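Subject: Structure handover

Hi,

Here is the structure we talked about. Please open it first, then read my notes below.

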Amino acid sequence: MATEKTLDDLFLDTLKDIYYAERQILKALPKMARAAQSEEGKAGFLRHREETEGQIERLQQVFEIFGKAARGKTCEAIQGIIAEGEEIMEDYKASPALHAGLISSARAVEHYEIARYGTLIAWAKQLGLKDAIPLLEQNLAEEIATDKKLTKLGETSANAKGSKAA
Ligand code: FE
Ligand code: FE
Ligand code: FE
């Protein structure tokens, strides 16, 4: 018979998943900042990189609350999302649509994170991990705010610039 896994195991596995993802994102954000054509875009990616450092620290605190060592578990989903972003940066290097492509890649990253944090918060509540909830909620709030800023940035400059008609 297979070992019986519980919601505790799933919480820990998912925590390891987002911990791995955040560290990959930390490495990807400077590349996106370098690729960004506007100062606003560059600054935005670098600001989120700083936020990501804080998010990683909060995740380390959540591991501590859970009584486990902070360790990542390879997340193929984030690897794929980041690889797609790199492909766009390469394929649209000199294109007026690069900005729109960067924003769409960054939004895919944020949405993965939002899905993970939303789930972890729900499970932390079910598992009675009271001290973990505000830490995860703060990370979630930062991802949602970043997604909103990206959406706005896309609406104001990228889409118009990327279009042939503009
Ligand atoms: Fe993050
Ligand atoms: Fe994953
Ligand atoms: Fe993020």
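Start with the iron ion (ligand 2): its site is irregular, with angles of 53 to 120° among its four donor atoms. Four donors count as tetrahedral if all angles lie between 85 and 135 degrees, or as square planar if opposite donors are over 155 degrees apart and all others between 65 and 115; anything else is irregular. D17 (OD) appears twice among the donors, joined by C75 (SG) and Y112 (OH), at 1.9 to 2.7 Å. D17 lies in helix α1 and Y112 in helix α4, so the pair ties together parts 95 residues apart in sequence. Both D17 and Y112 are buried (under 20% relative accessible area, 1.4 Å probe, protein chains only).

This is a predicted model: local features need pLDDT of at least 70, side-chain atom pairs count only at pLDDT 80 or more, and totals for chains, interfaces and linings use all residues. Residues are numbered from 1 along each chain, chains are lettered from A and ligands numbered from 1 as written, and side-chain values use heavy atoms, without hydrogens and water.

Donors are N, O and S atoms within 2.8 Å of the metal (3.2 Å for Na, K and Ca); water is not among the atoms, so sites may look incomplete. Helices are DSSP runs (H or I, at least four residues), numbered from the N terminus.

Now the iron ion (ligand 1). E22 (OE), listed twice, Q55 (OE1), E113 (OE) and E143 (OE) coordinate it at 2.0 to 2.3 Å. E113 also bridges to the iron ion (ligand 3), 3.2 Å from ligand 1. Both E22 and E113 are buried. Q55 is among the buried residues of α2.

Best wishes

Note on methods
Buried < 20%, exposed > 50% of the residue type's maximum accessible area, 1.4 Å probe, protein only. Helix = DSSP H or I, 4+ residues; strand = E, 2+ residues; numbered from the N terminus. Tetrahedral: all angles 85-135°; square planar, octahedral: opposite > 155°, others 65-115°.
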